[in-house]
Amino acid sequence: MEKLLWAAAAALGLAGVLLLIFSPIGKVIGLCVFVLGCVLAAFLALHRWAQKKPKAARNVRRVLICILTLGLAAAIWEGQCILRAAAGDADADCKYILVLGAGVNGTVPSTSLRDRIQAAYAYLVAHPEAVAIGTGVQGKWEDISEGECIYRELTAMGIAPERVWVEDQARNTRENIEYSRALIRQRTGEDVDKLGIVTSEYHLYRAGLFARQQGVEPVGIPAKTTKAYLFVDYFLREILAVWYYTIF
């Protein structure tokens, strides 16, 4: 039995490494699989150690269990916060909505960005007075900025060009909100304290944290992730990202 468990630990570790190295997506899933293999290997090693030094092994095991329990509890708490925020409120009236950028393949939106553009389009059709701001810088392997890609796609779908503004300098979610507010002030002379935020449903919670930090009331407009495996991977990544934000 012990040999089978060691083999399972090795298989999990190897599978995690392969996902991390070779998978273009699913890297957080790969990290979780790798960590699971390491945890199993650690408990197996403690089991062997207990045969020589039972008291020391027992103490180490208790510490490890406490750490894992606290980590799991924190992950569950953050996960339910993310899932609650994912519902959003697409029916709320907002004068301005931010469409947060995601990857662009040349000039073509990635799957995540396509989902966000579709959600923004549906909102703009339902709220004909709203203005959208496509926000996001041009990445290293992108031919146009994420903001420009959002503008091109929405106008090609029939949204009037004057209803889609472009902000193409923001490199992250905090800057998406900050720079878009600056663009609104520049164009209208007014500051806003309420903004619609169009982004993937798993991202709404963290985007809301950044908005509130800047004194803005966020209205979440969720873009449903069309591919389940992407949702799982990005959902796990969001938990880690919220931890990073909270700590640093």
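1. A residue is called buried when its relative accessible area is under 20%, and exposed when that value is over 50%, with partly exposed in between. The model discussed here is predicted.

2. By that definition, helix 8 contributes the buried residues Leu230, Asp233, Tyr234, Phe235, Glu238, Ile239, Ala241 and Val242. Their cover includes helix 2, helix 3 (54–85), helix 4 (111–126) and helix 7 (204–213). Helix 8 itself comprises residues 228–247, 20 in number. From its first C-alpha to its last, helix 8 reaches 29 Å, close to the 28 Å expected at 1.5 Å a residue.

3. The surface carries a nonpolar patch formed by Leu14, Val17, Leu18, Leu20, Ile21, Phe22, Leu31, Phe34, Val35 and Leu240, which together have about 850 Å² of accessible area. Two elements, helix 1 (2–22) and helix 2 (27–50), give two or more residues to the patch. Helix 1 gives the most, with six residues. Ile21, one of the patch residues, lies in helix 1; because its relative accessible area is 54%, Ile21 counts as exposed.

4. Eight salt bridges are found in the whole structure. One of them joins the side chains of Lys95 and Glu190, at 3.0 Å from N to O. This pair connects distant parts of the chain, 95 residues apart: Lys95 is in the loop between helix 3 and strand 1 (96–100), and Glu190 is in the loop between helix 6 (173–188) and strand 6 (194–200). Lys95 is exposed, at 51% relative accessible area, whereas Glu190 is partly exposed, at 28%.

5. A salt bridge within a helix is formed by Glu148 and Arg152, whose closest N and O atoms are 3.1 Å apart. Because the two residues are four apart in helix 5 (residues 146–156), about one helical turn separates Glu148 from Arg152. In an α-helix, residues three or four places apart point the same way, because there are 3.6 residues a turn. Glu148 is partly exposed, at 25%, and Arg152 is partly exposed, at 41%.

6. Asp191 and Arg181 also form a salt bridge, with 3.1 Å between the closest N and O atoms. The partners are ten residues apart, Asp191 in the loop between helix 6 and strand 6 and Arg181 in helix 6. Asp191 is partly exposed, at 44%, while Arg181 is buried, at 11%. A network of salt bridges links Arg181, Arg185 and Asp191.

7. With regard to cysteines, a search of the whole structure gives zero disulfides. Cys66 is partly exposed, at 47% relative accessibility, whereas Cys149 is buried, at 0%.

How values were computed
Residues are numbered from 1 along each chain as its sequence is written. This is a predicted model: local features need pLDDT of at least 70, side-chain atom pairs count only at pLDDT 80 or more; totals for chains, interfaces and linings use all residues. Side-chain values use heavy atoms; hydrogens and water are left out. Patches are made of residues with over 30% relative accessible area and no salt bridge: like charges are joined within 9 Å, nonpolar side chains (Val, Leu, Ile, Met, Phe, Trp, Tyr) within 5 Å. Accessible areas come from the Shrake-Rupley method with a 1.4 Å probe; for residues, only the protein chains shown count as cover. A salt bridge is a side-chain nitrogen of Lys or Arg within 4 Å of a carboxyl oxygen of Asp or Glu. Buried means under 20% relative accessible area, exposed over 50%, partly exposed in between (1.4 Å probe, protein chains only). A disulfide is a pair of cysteine sulfur atoms within 2.5 Å. The expected span of a helix is 1.5 Å times one less than its number of residues. Contact means heavy atoms within 4.5 Å.
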